[in-house]
Amino acid sequence: MQLFLDTANPEEIRAVWPTGILDGVTTNPTLVAKEGRDFEELLREICALGVPSVSAEVVATDVDGMLREGRHLASLHPSIYVKCPMTTAGLAATKRLSAEGIRVNLTLVFSANQALLAAKVGAAYVSPFVGRLDDHGQDGMALVREIVGIYRNYRFPTQVLAASIRHPVHVVEAAKAGADIATMPYAVLEKLVHHPLTDLGLERFLKDWEKARKPMRVAAPGR
Ligand code: G3P
């Protein structure tokens with residue numbers, strides 16, 4: 001499973017990128033607005049880090065506007081995936097952009113039928129929002145499982161990108177469900193690395209190592 005950061009903050013990407021665990025970045029208008037910077041400048045900075053997949057969302061709501069913005073965003077860098085919302089206009093724009101070779105991430109997906117439509121119009125990614133469904137009293141991960149099953153039935157090439165991931169258990173569940181990608185905030189990705197028993201184990205190993213080395217250090221100058 002590919003791991004993406006759900007952020008528009010270049011510092012967070014810089015912090016993770018050298019570890020080699022990061023496959024991509026997803027942004028959305030809320031995350032971009034939080035940075036308070038020029039959108040294009042931000043995208044160029046993120047792409048320049050070498051991230052191979054960077055999702056950038058259109059804000060137009062009509063087909064022509066989405067096409068204009070989508071083409072423009074895609075022209076900024078070869079790593080850009082254009083995010084279109086799951087609306088009738090978003091589906092039409094995805095169909096056209098995909099036919100032009102622009103990769104689209106169909107976002108704000110909350111049902112299996114919506115995901116089926118995303119695959120039909122040739123989206124590169126479909127983004128079911130797991131956490132927001134959970135917040136709504138529905139089982140978000142059940143939707144991911146449904147979509148993976150449907151796509152397998154018809155061998156749709158659209159990749160399932162589990163979005164709105166809120167905690168590490170979501171990541172494990174997305175992997176078990178067969179999601180192609182999970183995108184998560186920096187705080188969640190950080191938590192994947194750590195386990196208290198790892199910290200405790202390392203502390204003990206280092207203490208034991210130090211204890212064993214002490215006599216050797218004392219003996220060394222006398223030789
Ligand atoms: O980028 C889309 C999605 O991951 C947003 O997550 O936490 O705002 O529901 P959240």
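**View 1. The largest pocket and the residues at its heart.** In this predicted model, 26 residues line the largest pocket, and those nearest its centre are Asp6, Thr7, Asn28, Leu31 and Pro185. Three elements each give two or more residues to that lining: α2 (29–35), β5 (104–109) and α10 (186–193). The top contributor is α2, which puts in four residues.

**View 2. What the largest pocket holds, and what its walls are made of.** There's about 400 Å³ of space in here. And what takes up that space? It's the ligand that sits in the largest pocket. Sort the lining by class and you get ten polar residues, nine nonpolar ones and seven charged ones.

**View 3. The shell around the ligand.** Zoom in on the ligand and you'll find these residues around it: Asp6, Asn28, Lys83, Phe129, Arg132, Ala163, Ser164 and Arg166. How does this shell divide into nonpolar, polar and charged residues? Four are charged, two are polar and two are nonpolar.

**View 4. Side chains that reach ligand oxygens.** Start with Arg132: an N or O atom in its side chain is 2.6 Å from an oxygen atom of the ligand. Now look at Ser164, where a side-chain N or O atom is 2.7 Å from a ligand oxygen. Lys83 joins in too, with a polar side-chain atom 3.4 Å from an oxygen atom of the ligand. As for how covered the ligand is, it would expose 310 Å² if taken alone, and the protein buries 84% of that.

Conventions
Residues numbered from 1 in each chain as written. Predicted model: local features only at pLDDT ≥ 70, side-chain atom pairs only at ≥ 80, totals over all residues. Heavy atoms only, no water. Near = heavy atom within 4 Å. Polar contact = N/O pair within 3.5 Å; in protein donor to acceptor, adjacent residues only side chain to side chain. Areas by Shrake-Rupley, 256 points an atom, 1.4 Å probe, with all protein chains shown as cover. 1 Å grid on protein atoms, 1.4 Å probe; cavity = no way out; pocket = protein on both sides within 12 Å on 5 of 7 lines; lining within 4 Å. Sits in = over half its atoms within 2 Å of the grid points. Nonpolar A, V, L, I, M, F, W, Y, C, P; charged D, E, K, R; others polar. Points joined across faces, edges and corners; volume = space filled by probe spheres on them.
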